[in-house]
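Here's a quick briefing on a pocket and a ligand. Have a look at the model first.

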Amino acid sequence: MLSIAVSKGRLLDSFIEILEKSQYPCAVLQEETRKLVVESPQAGLRFILAKPADVPTYVEYGAADLGVVGKDTLAESQKNVAELVDLKYGRCTMIVAVPEALGIKDVAQLDFNSRVASKYPHIATEFFHNRGIQVEVIPLHGSIELGPLIGLSEAIVDITETGRTLVENGLMIIDEIMESTSRLVANRVSLKVKRTEINRLVQAIEGVL
Ligand code: PRP
């Protein structure tokens, strides 16, 4: 049996749809339950219901053979896992944004030691370091757009999908860092030990995509 770490939430339905079309029945994932591990014996899959940011950790340590996680979260985690398939859903862009009222058009215009709030502190730090811009990155866990609104930070690094949260909070994009979609990732040892089962699943999913 293969174990897959997935996270509950709006993107899980997209993965369920792909699995079902790939002939891996997983109705068990749609059942109303508080269980954290559920199995689909017909599909030969065991699902581990984890928080998104923890998925790369379960996979790196081999507690799960596979995982489904956004490229943004994967990059931020800095975990050593193998990226197998771009699942193409959950598309979003990681951006740098500032209040429109600041009148800034470029990250280079940020003041020395500007504060930047982010749920992606590693990515944000690396981005500004590579540009040679000295900032202070302030890690937050969510609702990042609040940062500039209440004077915590001058800028944010966050993901945007429709752009609505930025607009409604008076923020404008001044740079784009990366595009992100959901990815199927694997533990590097599982990839060798369970190669046949993993290859079969990957091929079925790629066929559907
Ligand atoms: C994400 C992101 C933005 C919002 C962007 O937050 O951090 O806040 O979605 O979406 P939009 O461009 O379509 O408006 P999420 O809903 O994951 O919650 P969080 O703020 O608690 O991280």
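What follows covers the pocket, its lining and the ligand contacts.

This is a predicted model, where local features need pLDDT of at least 70, side-chain atom pairs count only at pLDDT 80 or more, and totals for chains, interfaces and linings use all residues. Residues are numbered from 1 along each chain as its sequence is written, and side-chain values use heavy atoms, with hydrogens and water left out.

**Pocket**
- The largest pocket (an open set of points on a 1 Å grid where a 1.4 Å probe fits, with protein on both sides within 12 Å along at least five of seven lines) has a volume of about 1200 Å³.
- Its lining (residues with an atom within 4 Å of a point) counts 47 residues, with Asp72, Thr73, Lys119, Tyr120 and Ile159 closest to the centre.
- Helix H3 (helices being DSSP runs of H or I, at least four residues) chips in the most to that lining, with four residues.
- By class, the lining has 18 nonpolar, 18 polar (Gly among them) and 11 charged residues (Asp, Glu, Lys and Arg).

**Ligand**
- There are 13 residues around the ligand (a heavy atom within 4 Å), and Lys119, Glu145, Asp158, Thr162 and Thr165 are the closest.
- For polar contacts (N or O pairs within 3.5 Å), a side-chain N or O atom of Lys119 sits 2.6 Å from a ligand oxygen.
- Thr165 puts a polar side-chain atom 2.4 Å from a ligand oxygen, while Ser143 uses a backbone N or O atom at 2.8 Å.

Terms used:
Points joined across faces, edges and corners; volume = space filled by probe spheres on them. Helix = DSSP H or I, 4+ residues; strand = E, 2+ residues; numbered from the N terminus. Polar contact = N/O pair within 3.5 Å; in protein donor to acceptor, adjacent residues only side chain to side chain.
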